[in-house]
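Please write a short report on this protein model for a first-year student. Keep the sentences brisk and include one small table.

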Amino acid sequence: MLEKTVQWLDDYFKGNKPLIKDLPIKFKGTEFQLKVWNELLKIPYGSTISYKELGKIIFGEKNISSQAIGRAVSKNKLLVIVPCHRVIGSKGDLVGYAGGIDRKKYLLDHEK
C-alpha cells in the first residue's frame with residue numbers, strides 16, 4: 001500500500017492525473033463525513049467546487065450548511081489524494097484547508 005501511495009503521489013506531482021482506483025482507500029468517519037469524502041473523490045482534476053455546491057450535489061435541496069460541509073471536508077486525513085483542496089468558497093475564494101491556504105493555492109495552480 002505504501003509503495004502504491006508513493007507512486008500515486010509521484011505521478012501527481014509530475015503533473016500526471018493518477019487514478020484514485022489505484023489506491024484501496026478505506027475511510028473511517030461518520031455517515032455524513034463518508035458521503036462528503038466520497039464526493040470529493042469525484043471532483044475532476046484541475047476543477048473546483050464550492051462548499052455550497054458540494055452540499056447540493058450530495059444532499060439535494062436539503063438545507064445543509066456550507067459550514068457543515070466544511071467541517072466534514074476538514075476531517076479528511078488524505079489531503080492530496082482525497083482532493084479537499086478543490087473545494088473553495090462560493091465567491092471563488094480559497095478558504096479552509098488543513099494544509100494551509102498557501103498549499104491549497106499551490107495544489108490548485110499545480111493542477112492547471
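One aromatic cluster is formed by Trp8, Tyr12, Phe13 and Tyr45. It belongs to a predicted model. In total, the structure holds five aromatic pairs. One of them joins Trp8 and Tyr12, whose rings are stacked. Their centres are 5.7 Å apart, and the planes differ by 5 degrees. Both residues sit in helix α1, four residues apart, which means about one helical turn separates them. Trp8 and Tyr12 are both buried.

Tyr12 also pairs with Tyr45. Here the centres are 5.9 Å apart and the planes stand at 70 degrees. An angle over 60 degrees counts as edge-to-face, so the pair of Tyr12 and Tyr45 is edge-to-face. Tyr12 belongs to helix α1, whereas Tyr45 is in the loop between α2 and β1. The pair therefore ties together parts that lie 33 residues apart in sequence. Like Tyr12, Tyr45 is buried.

**The nonpolar core**

The largest nonpolar core has 23 residues. Which of them touch the most other members? They are Val36, Leu40, Leu54, Ile69, Val73 and Val87. Four helices each supply at least two residues of this core: α1 (2-13), α2 (31-40), α3 (51-59) and α4 (66-74). The largest share comes from α3, with four residues.

Leu40 shows how such a core member is surrounded. Neighbours within four places in sequence are set aside here. Leu40 is then in contact with Leu54, Val73, Asn76, Val82, Pro83, Cys84 and Val87.

Helix α4 has its own set of buried residues: Ala68, Ile69, Gly70, Ala72 and Val73. What do they pack against? Their partners are α2 and α3.

Ile58 lies in helix α3. Is Ile58 buried or exposed? Its relative accessible area is 19%. Buried means under 20%, so Ile58 counts as buried. Apart from residues up to four places away in sequence, Ile58 touches Lys35, Val36 and Glu39. Take Lys35 as an example. Ile58 and Lys35 are 23 residues apart along the chain, yet their C-alpha atoms are separated by 7.1 Å.

**From buried to exposed**

Ser50 is part of strand β1 (residues 49-50). Its relative accessible area is 6%, so Ser50 is buried. With residues up to four places away in sequence left out, Ser50 touches Val87, Ile88, Gly89 and Ser90.

Ser47 is found in the loop between α2 and β1. Partly exposed residues fall between the buried limit of 20% and the exposed limit of 50%. Ser47 has a relative accessible area of 27%, so it is partly exposed. Ser47 and Pro18 are 29 residues apart along the chain, and 15 Å separates their C-alpha atoms.

Glu31 is a residue of helix α2. With a relative accessible area of 59%, Glu31 is exposed. Glu31 and Val80 are 49 residues apart in sequence. From C-alpha to C-alpha, the distance between Glu31 and Val80 is 22 Å.

The three distances can be set side by side.

| Residue pair | Separation in sequence | C-alpha to C-alpha distance |
|---|---|---|
| Ile58 and Lys35 | 23 residues | 7.1 Å |
| Ser47 and Pro18 | 29 residues | 15 Å |
| Glu31 and Val80 | 49 residues | 22 Å |

**The pockets**

The largest pocket has a volume of about 230 Å³. How many residues line the largest pocket? There are 15. Those nearest its centre are Pro18, Leu41, Ile43, Tyr45 and Arg86. Tyr45 has appeared before, as a member of the aromatic cluster. By class, the lining holds twelve nonpolar residues, three charged ones and no polar ones.

The second largest pocket has a volume of about 180 Å³. It is lined by 13 residues. Closest to its centre are Ile25, Lys26, Phe27, Lys77 and Leu78. This lining includes seven nonpolar, two polar and four charged residues.

Note on methods: Residues numbered from 1 in each chain as written. Predicted model: local features only at pLDDT ≥ 70, side-chain atom pairs only at ≥ 80, totals over all residues. Heavy atoms only, no water. 1 Å grid on protein atoms, 1.4 Å probe; cavity = no way out; pocket = protein on both sides within 12 Å on 5 of 7 lines; lining within 4 Å. Points joined across faces, edges and corners; volume = space filled by probe spheres on them. Nonpolar A, V, L, I, M, F, W, Y, C, P; charged D, E, K, R; others polar. Core = buried A, V, L, I, M, F, W, Y, C linked by side-chain atoms within 4.5 Å. Buried < 20%, exposed > 50% of the residue type's maximum accessible area, 1.4 Å probe, protein only. Contact = heavy atoms within 4.5 Å. Phe/Tyr/Trp six-rings, centres within 6.5 Å; stacked < 30°, edge-to-face > 60°.
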